[in-house]
Amino acid sequence: MRPIPLIRPYITEEVKTKVCEVLDSGYLTEGPVAKELEEAFTSYVGCKHSIAVTSCTTGLEIALRALQIGSGDEVIVPDYTYPATADVVAIVGATIVLVDVSPATMLIDYDRLEEAITDRTKAIIPVSLFGNPLDYDRLTALQHKYGVAIIEDAACAIGAEYKGVKVGNQADIAVFSLHPRKFITTGEGGMIVTNHFQSAEWMRSYKHFGMGVQDSRLTTSFDRIGTNYKLSDLLAAVGVVQMRHIHELLQRRLELAHNYRNLLQGRSTITIPETTSSGAHSYQSFCILIEERNRIMQQLRAEGIEVQIGTYALHQHPAFISGNACRIHGKLTGSQYAFEHCLTLPLFHELTYEDQQRIVDTLCNALQGRL
Ligand SMILES: *Cc1c(COP(=O)(O)O)cnc(C)c1O
């Protein structure tokens with residue numbers, strides 16, 4: 001049987017042509033094409049500022065730095081996420097506070113989040129995991145009540161919406177990933193978005209060696225200590241072309257997700273996680289929750305269907321053991337449940353309805369012990 005991959009990046013002749021144009025130009029570092037990609041995000045998301053960086057992880061790190069979060073501060077993150085969400089907190093010297101997620105949505109549990117807020121809490125990094133948008137009615141209420149900043153790990157959520165507004169506009173700062181597991185990808189890369197001018201200016205400078213805005217004297221001024229998190233034009237070229245097609249690519253993902261829902265409907269052994277109410281999911285991943293996830297995963301792989309776990313329960317890993325750098329708030333049973341039960345099914349623009357039928361048939365056979 002023909003193997004079905006988990007994902008396939010959108011790489012067309014148009015993409016290759018754009019990359020070759022950059023190669024031919026001889027200008028390979030960050031330049032006009034990265035700027036084009038930033039403009040594409042600004043216009044698509046409808047936000048004021050977009051800043052291209054080397055990854056979502058480096059983007060989250062500079063977002064924390066822009067908000068002057070560091071030693072002595074606490075930052076709350078969900079336990080069920082990719083380690084990067086928490087890593088960046090420790091990287092800037094702040095304390096990671098891990099809280100549980102709702103097993104129904106796999107997103108941060110807003111009640112546990114509120115309980116975990118202390119006088120030292122400076123920010124929260126909620127995650128719009130798998131493209132499921134966050135409930136900003138809840139988050140904004142907490143923000144107003146406690147005065148904490150919200151940095152959204154929107155790694156998976158380009159194209160998702162909350163109450164008709166694209167993800168990227170609700171948080172103080174949000175960061176998208178351009179890693180190949182994400183639906184718009186440059187190989188490696190990230191995009192910070194914000195509506196705050198000052199933070200945007202600071203981050204733009206910081207990621208570019210602390211350079212100031214060029215003045216009319218044509219001399220460079222280094223205004224602050226900075227680093228190099230610039231996105232090469234060579235990589236940006238891939239994303240620029242994908243952004244030209246984002247509407248049709250997202251539309252296709254939604255059709256495929258809808259078809260999965262139809263095929264899976266009425267199967268009592270399969271739970272489809274809930275989408276946030278008033279939210280529009282972008283289906284970076286199509287996930288289901290099942291018993292005996294590991295056995296099913298192995299059997300599907302043996303049938304040539306590349307499936308994957310959802311993501312990780314951080315508290316299980318040595319890097320996040322409770323101590324000085326990390327505090328665990330309460331029980332993490334929702335996260336544990338998601339870690340053990342979530343299965344990601346293949347989803348990419350070239351997947352066909354026939355592929356999906358085969359995936360669901362194989363899945364159901366495995367669940368019924370018929371493989
Ligand atoms: C992919 C992912 C990241 C890491 O993104 P990079 O661009 O690889 O740094 C962080 N958080 C979440 C939730 C992710 O899915």
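**Exercise 1. Find the residue that UniProt marks as "modified residue: N6-(pyridoxal phosphate)lysine", and describe its setting.**

Step 1. The unreviewed UniProt entry puts this feature at Lys182. The "active site" annotation from the unreviewed entry covers Lys182 too. Keep in mind that UniProt positions follow the numbering used here, feature names are shortened, and annotations may be inferred rather than shown by experiment.

Step 2. A word on what you're looking at: this is a predicted model, where local features need pLDDT of at least 70, side-chain atom pairs count only at pLDDT 80 or more, and totals for chains, interfaces and linings use all residues. Residues are numbered from 1 along each chain as its sequence is written, and side-chain values use heavy atoms, with hydrogens and water left out.

Step 3. Now place the lysine. Lys182 sits in the loop between strand 9 (173-177) and strand 10 (190-194). Helices (H or I, at least four residues) and strands (E, at least two) are DSSP runs, numbered from the N terminus.

Step 4. Is Lys182 buried or exposed? Its relative accessible area is 17%, so Lys182 is buried. The cut-offs are under 20% for buried, over 50% for exposed, and partly exposed in between (1.4 Å probe, protein chains only).

Step 5. Look for its partners. Setting aside neighbours within four places in sequence, Lys182 contacts Ala155, Cys156, Ser177 and Gln284; contact means heavy atoms within 4.5 Å.

**Exercise 2. Work out which residues surround the ligand and how they hold on to polar atoms.**

Step 1. Start with the shell: 15 residues surround the ligand, and the closest are Cys56, Thr57, Asp153, Ser177 and Lys182. A residue gets in if one of its heavy atoms lies within 4 Å.

Step 2. Go through the polar pairs. A polar backbone atom of Cys56 is 2.9 Å from an oxygen atom of the ligand. A nitrogen atom of the ligand lies 2.7 Å from a polar side-chain atom of Asp153. For Lys182, an N or O atom in the side chain is 3.0 Å from a ligand oxygen atom.

Step 3. Check the cover. On its own the ligand exposes 390 Å², and the protein buries 89% of that (Shrake-Rupley areas with a 1.4 Å probe; for residues, only the protein chains shown count as cover).

Step 4. Which elements give two or more residues to the shell? They are helix 3 (56-66) and helix 4 (84-91).

Step 5. Sort the shell by class: six nonpolar, seven polar and two charged residues.

**Exercise 3. Explain why Asp172 counts as buried, and trace what its side chain reaches.**

Step 1. Asp172 lies in the loop between strand 8 (165-166) and strand 9. Asp172 counts as buried because its relative accessibility is 16%.

Step 2. Leave out neighbours within four places in sequence, and Asp172 is in contact with Gln143, Ala149, Ile150, Thr194, Asn195 and His196.

Step 3. Two of those partners deserve a closer look. The Asp172 side chain makes a polar contact with the side chain of Gln143 (2.8 Å). A polar side-chain atom of Asp172 also lies 2.8 Å from the backbone nitrogen of Ile150. A polar contact is a pair of N or O atoms within 3.5 Å; within protein, one must be able to donate a hydrogen and the other to accept it, and residues adjacent in sequence count only if both atoms are side-chain atoms.

Step 4. Finish with Ser199: Asp172 and Ser199 are 27 residues apart in sequence, yet 9.1 Å apart in space, C-alpha to C-alpha.

**Exercise 4. Describe the settings of Glu38 and Asn259.**

Step 1. Glu38 is in helix 2 (residues 32-45). At 8% relative accessibility, Glu38 is buried. Beyond four places in sequence, Glu38 contacts Ser50, Ile51, Ala52, Met191, Arg204 and Lys207.

Step 2. Asn259 is in helix 9 (residues 246-264) and is buried at 12% relative accessible area. Not counting residues up to four places away, Asn259 touches Tyr353 and Gln356.

Notes. Nonpolar A, V, L, I, M, F, W, Y, C, P; charged D, E, K, R; others polar.
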